[in-house]
Amino acid sequence: MTRDDASDLLAFLAVARERSFTRAAAKLGMTQSGLSQIIRNLEERLGVRLLNRTTRSVTPTQAGERLFQSIGPKFVEMDADLAALSELREKPAGTVRLTATEYAASAILLPALHNILPQYPDIHVEIIVDYGLTNIVAQQVDAGIRPGELVAKDMIAVRVSPDLRMAVVGSPSYFAGRKRPKKPQDLTHHNCLNLRLPTHGGSLYAWEFEKDGRELNVRVEGQLVFNSAGLLLDAALKGVGLAYLTEGHVRPYVAEGRLVRVLADWCPPFSGYHLYYPSRRQPSPAFTLLVEALRYRSM
C-alpha cells in the first residue's frame, strides 16, 4: 500500500463514518470538493463504487461497507499503537548512572529518589559511591555529585544542597578523662580517625580549618584509617577516636548527645554539593526529571 492509498483510505473512512462530505472535510481540514475528488480517484483505482451520493445523504455501498468494516478497525488499532509510542516517548524512562560520595548519596540522592521513583516505574538509577573525581565521560556515567569547588569549569553544575560545613566530633566516652581541643594544634594529643581518598593521590586527608582569615591544614594521627565516611562515623560513635565529617552527617547524633562537637568556630561554610555533567550532553527526560528533583532552591 502506497502513502497515497493510505491517505485516500483515511479520507474514505472519514466520509463513511460521518455520512457527510461536509463534516468529513471539516474534520480532515480540507475542502469538500477536494475530498470528493479523492474519493472519486480511489473508486477509479479500485474499480468499484464505494459511496452512494444524494443531495441529502451519503451512504456506503455494499463494497464500501465491506471496506469500512474491514479496514476501519485496523486504522483505529494503528492510531492506538502510535498514541502508545508517543506516550512512551514523553514518559520519562531509562537508566541514569550517578556517582556521588557516600554522604551525598544518602542525604541528597536517596530522599529525592524516594519521592520520584514510585511515580515513574520505568526510571532506573544506578548510584556509584566514589570519593574520587570520576571521569564521568570515560566511565560512561551520566552525572556526578561533588562539592562545587571541585567541579571542573567546563561542566554544567547544578546546586543540589546548601553550603556545607565540616565538624570534628567524638563520643562522650572518648572525651571522658580527655581535654577537648580548643584549637586545631590540640589535635596532636588525640587519637584521630583518618580517611584515605583517591582525590588526594591516595594520601591521608588533611583536616581543613579556617578562622579570622587564617587557614590550617592539619595532618592528624591515629590508630585507624578508613576509605569510607560511614566507617568513620561508626568508629566515632563507638568512642574509638575523633572524626572529621560533614556537619549534616553528624547533626542527628550531636542532637541526641551521642557525639560531642568541638572546634566548631574553626569550621566555616564552603560551597555545597553540585550535580555536574558535560555541557555537550543531551539530557534524556529521565535525567531532566532527576535534575529538577535534586535542584536546590534557597528560600
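Lys-211 is partly exposed, its relative accessible area being 29%. Partly exposed sits between buried (under 20% relative accessible area) and exposed (over 50%), using a 1.4 Å probe and protein chains only. Keep in mind that this is a predicted model, where local features need pLDDT of at least 70, side-chain atom pairs count only at pLDDT 80 or more, and totals for chains, interfaces and linings use all residues. Residues are numbered from 1 along each chain as its sequence is written, and side-chain values use heavy atoms, with hydrogens and water left out.

**Exercise 1. Find the salt-bridge partner of Lys-211 and say where the two residues lie.**

Step 1. Start with the rule: a salt bridge is a side-chain nitrogen of Lys or Arg within 4 Å of a carboxyl oxygen of Asp or Glu.

Step 2. Look around Lys-211: its side chain meets that of Asp-265, at 2.7 Å from N to O.

Step 3. Now place them. Lys-211 is in strand S9 (residues 207–211), while Asp-265 is in the loop between strand S13 (260–262) and strand S14 (273–278), so the pair ties together parts 54 residues apart in sequence. Strands here are DSSP runs (E, at least two residues), numbered from the N terminus.

Step 4. Check the cover on the partner: Asp-265 has 43% relative accessibility and counts as partly exposed.

**Exercise 2. Work out whether Lys-183 and Asp-186 are each buried or partly exposed.**

Step 1. These two side chains also form a salt bridge, at 3.2 Å from N to O.

Step 2. Lys-183, at 40% relative accessibility, is partly exposed.

Step 3. Asp-186, at 17%, falls on the buried side.

Step 4. For the wider picture, the structure holds 13 salt bridges. Arg-165, Glu-247, Arg-251 and Arg-261 are linked in a network of them.

**Exercise 3. Explain why Cys-192 and Cys-267 do not form a disulfide.**

Step 1. Recall the cut-off: a disulfide is a pair of cysteine sulfur atoms within 2.5 Å.

Step 2. The closest cysteine sulfur to that of Cys-192 is in Cys-267, 12 Å away, so the gap is too far for a bond.

Step 3. By the rule, the count is 0 disulfides.

Step 4. As for cover, Cys-192 is buried at 0% relative accessibility, and Cys-267 is buried at 3%.

**Exercise 4. Locate Glu-149 and say whether it is buried or exposed.**

Step 1. Glu-149 lies in the loop between strand S5 (143–147) and strand S6 (155–159).

Step 2. With a relative accessible area of 54%, Glu-149 is exposed.

Notes. Helix = DSSP H or I, 4+ residues; strand = E, 2+ residues; numbered from the N terminus.
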